[in-house]
Amino acid sequence: MSDTDIKKQILDEFAKLFGDTEGARVYFAPGRVNLIGEHTDYNGGHVFPCALTLGTYGVARKRNDRTLRFYSVNFKELGIIESSLDDIKPDEAANWTNYPKGVIWAFGGRGMKTDVGIDMLLYGTIPGGSGLSSSAALEVLTGYILRDLFGFDVSNQDLALIGQFSENHFNKVNCGIMDQFASVFGKEGCLIRLDCRSMEFEYFPFNPKGYKLVLINTCVKHMLGDEYNQRRKSCENVVAALKAKYPTIETLRDVSYD
């Protein structure tokens, strides 16, 4: 299905669910794949990702009350999930909506408070649990929506940082910055070399003539959460142990082979 067809389809779906499309706007944020540098972003190192044409589409508009209404075409069985701006907190019953709620919460923590609620419909083309950063795409998408609908003055880099912060502190997954950064800064035909300490980055044209980059579905579900957090904690424990002897070490990036 083409990009145009998807946008028409989700606008039609939005109208069916929420009455009409007056004031509604369409948004998109891509997923990502990483070529080099696994678990190096939160260790202050470099990564080499690129954005994908797969990602998360959204239709959203402001309401005139403080209600949040979320619907995912991918999880139709869950129906419309409602929340309130007056009760933004992690909630297991809220399911996937904890991700956009976390971004709203993170914006508020920076003084950018949404004064009215939102109707939001989502459709993701990223296979669930595939490790292609569907959660980061949803966080970035929500950031785009909030910036656009409410006129918040926030840079693209801040959108990535807000998405990471919300995942770390609202959804309790201690991810690094790579996923959100690649979703925000992805550029067609390019890889991104990102220094995760300084946030400096460079685009590298990617046109592998005679070769193809193949993503393979292993049918093994990619789960973040406890295992990911434990991996990060083990890295931090190593840094703490080394720092006792070498005080200048801040992350594993500072540790030489010697």
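This short presentation covers the nonpolar cores, one strand pair and one buried serine of a predicted model.

I begin with the interior. The largest nonpolar core comprises 50 residues, and within that core Phe107 and Leu146 have the most contacts. Helix 3, residues 134–150, is the greatest contributor to this core, supplying nine residues. Setting aside residues up to four places away in sequence, Phe107 touches Leu146 itself, together with Met112, Gly143, Phe152, Val154, Leu159 and Ile162. There is also a second, separate core of 10 residues, and among its members are Phe14, Phe18, Ala24 and Leu121.

I turn next to the strands. Strand 4, residues 67–72, pairs with strand 5 in the antiparallel sense, over four bridges. In this pairing, Phe70 is found opposite Ile81 of strand 5. Strand 5 spans residues 81–84, and its side chains alternate. Ile81 and Ser83 point to one face and are buried, whereas Glu82 and Ser84 point to the other face and are not buried.

Finally, I would draw attention to Ser166, which lies in helix 4, residues 156–169. Why does Ser166 count as buried? The reason is that its relative accessibility is 0%, and the cut-off for buried is under 20%. Which residues are in contact with Ser166, if neighbours within four places in sequence are left aside? They are Gly102, Val103, Trp105, Ala106, Glu139 and Asn171. Of these contacts, Glu139 falls within the range of helix 3, residues 134–150.

Conventions. Residues numbered from 1 in each chain as written. Predicted model: local features only at pLDDT ≥ 70, side-chain atom pairs only at ≥ 80, totals over all residues. Heavy atoms only, no water. Helix = DSSP H or I, 4+ residues; strand = E, 2+ residues; numbered from the N terminus. Buried < 20%, exposed > 50% of the residue type's maximum accessible area, 1.4 Å probe, protein only. Contact = heavy atoms within 4.5 Å. Core = buried A, V, L, I, M, F, W, Y, C linked by side-chain atoms within 4.5 Å. Pairing = 2+ DSSP bridges.
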